[in-house]
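Visitor: Pick one spot in this model and give me a close look at it, please. Feel free to wander a bit afterwards.

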Amino acid sequence: MSESNLIERAREIRRQLNTELKELQQLGLEIEDYEQRGRYIYFFKSGSRIKSKDVFSSHISDVQEINLYVHIPFCINRCTFCCCFSTGKQPESIVEEYINTLKKEVELLIRTSRFENAAIRYIYFGGGTPTYLSAKQLEDLIGFLKSRLNILPDAGFTCETSPETTVGSAGKERLQALLENGVNRLSMGIQSFDDNILKRIGRKHSAKTAISAYRNSHEAGFTNMNIDLLFGLPEQTLEKWEADLKIATDLNPGWISSYRLRIENPKMHGAFIREADLFPDKETVLLMNIMSIEKLTDSGYQQAQAPHTFLLPSKLQLTPRHYLGEEELGLGVSARSYLDGVRYENFHNLKRYMVSVDKGQLAISFAGKYSRRQQMERETVMMFRGPKGVNRGDFNTRFGLDVDSVLGERLQRLKKAGMITDDGETLRLSNKGLLFAVEVLKQFYSQDAVSRFKNMIYNNESLKGLFLDKKYSRSGEVIANIVKTVAGYAK
Ligand SMILES: C[S@@+](CC[C@H](N)C(=O)[O-])C[C@H]1O[C@@H](n2cnc3c(N)ncnc32)[C@H](O)[C@@H]1O
Ligand code: SF4
């Protein structure tokens, strides 16, 4: 059987990479290995460590406009692949206690740093699965936030959801409660439209339920929706991935997030990766990555948050503001905050988070203060990742500096390598830049930050376990192959 145009095109782009990669390396672009690549974007913890008690020492009252993130860690089921902070199913008493703890955390923040004065421009409910909560619990929590915080009347509001929590009568009630309480963007995790794959990765819904859930939500009034898909899954082939991309684009959501499967914690994913011979090999995963960029851009989507999230241009004004790297206050277990150059994270342990807040103490596990230069690096990377790219005028307004004089040599190198486009006003990632987003974005961090970060990821003990532990040795081999992908294709 001959291959489809999309697969053939992906193979052609892949073939061209063979000849280009050496040239890219000569231009000073160090190609990272595949498995570590995502980490440059996701795990970057810069700044000098500061004590939790100093997080709100002097600056917060100056913050005028911020965004709010609320983490709901519960899910109907713990999917085998998941790298988000999820506790799975919990007794109703714990869920109620968690909602009360979130409220206490808000009161604590108000007492500590007058958060009630900050204008909230965007709210993001993430998880876990926020729609694990009932319609009544969602109404109660949102009502509380509105009563205690200064949420702007036209604030954007995203809620993450899963298909099984948006179908049936309980699902309908939740959708109604969300709509009535100002949620104007729904982000649904679907992962795959193949029933065998869904079963294998521990999803509790079929492809049919996922499509009904999407359509129900759309009909209920959510005209601004995102669908999450995953590539690199066990039993996934190029043809199955193409079918997933086709179904997703035919549904025509405003947003599609196409994530490459990451295995972050081998111990947690033990049972899953023991079946490693079912995973697509490194070449196939790379082709899937190329296919998603090609298919989504062909279907009218453009970059929303590199490298995985795409949007239809008509949704640009509705971009969640946390995609732009703006000031954000995070509530709940494992939530991250970035306020006035300080980045901090709450405990990644449900009990520890709840006990701490209950005792009247913020549940901060890590905090770091960014220097001005580090803030500029971070914000430049966020601008490149975001939907608008780096606008020369905006950069100048933000930093009082000319982007070409600050980044000149690096920009020239990336333009020469075809990684970024430049229309004179705005710099953006090209399609090739999206594929090599990690290598491109790394250029905007200072050398010491990159070295520090490299040490952190290459010395990651839990990943080492993957290769050393005999139990995982076979999967280790397969994963090791995935790990070498990008470095591998430079040879
Ligand atoms: C917090 S979940 C929100 C959606 C909802 N909980 C669900 O799964 O239906 C966010 C998304 O992260 C992505 N994700 C989870 N684990 C991942 C992994 N190991 N690698 C890549 N993406 C992952 C999935 O696509 C998931 O839909
Ligand atoms: S993918 Fe979604 S539903 Fe599955 S465990 Fe993770 S957060 Fe929960």
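Guide: Helices (H or I, at least four residues) and strands (E, at least two) are DSSP runs, numbered from the N terminus. This is a predicted model, where local features need pLDDT of at least 70, side-chain atom pairs count only at pLDDT 80 or more, and totals for chains, interfaces and linings use all residues. Residues are numbered from 1 along each chain as written, and chains are lettered from A and ligands numbered from 1 in written order.

Our spot is Ala 335, in the loop that links β10 (328–331) to β11 (336–339). Ala 335 counts as buried because 25 other C-beta atoms lie within 10 Å (20 or more is buried, 12 or fewer exposed, partly exposed in between; C-betas are placed from the backbone). Beyond its neighbours within four places in sequence, Ala 335 is in contact (C-betas placed from the backbone, within 7 Å) with Tyr 69, His 71, Gly 330 and Asn 346. Then there's Phe 85: 250 residues apart along the chain, yet its C-alpha sits 9.2 Å from that of Ala 335.

Now for the wander. β14, β16 and β15 make an open, antiparallel sheet in that order (strands pair if DSSP finds at least two bridges between them). β14 (390–391) and β15 (420–422) are the edges, each pairing on one side only. Two bridges tie β14 to β16 (residues 426–429), and Asn 391 has Thr 426 of β16 as its bridge partner. Helix α14 (residues 403–416) packs on this sheet, touching β14, β15 and β16, and its direction makes about 120° with β15's (axes are lines fitted to C-alpha atoms, for helices over the stretch in contact; angles run from 0 to 180 degrees between N-to-C directions).

Terms used
Contact = placed C-beta atoms within 7 Å.
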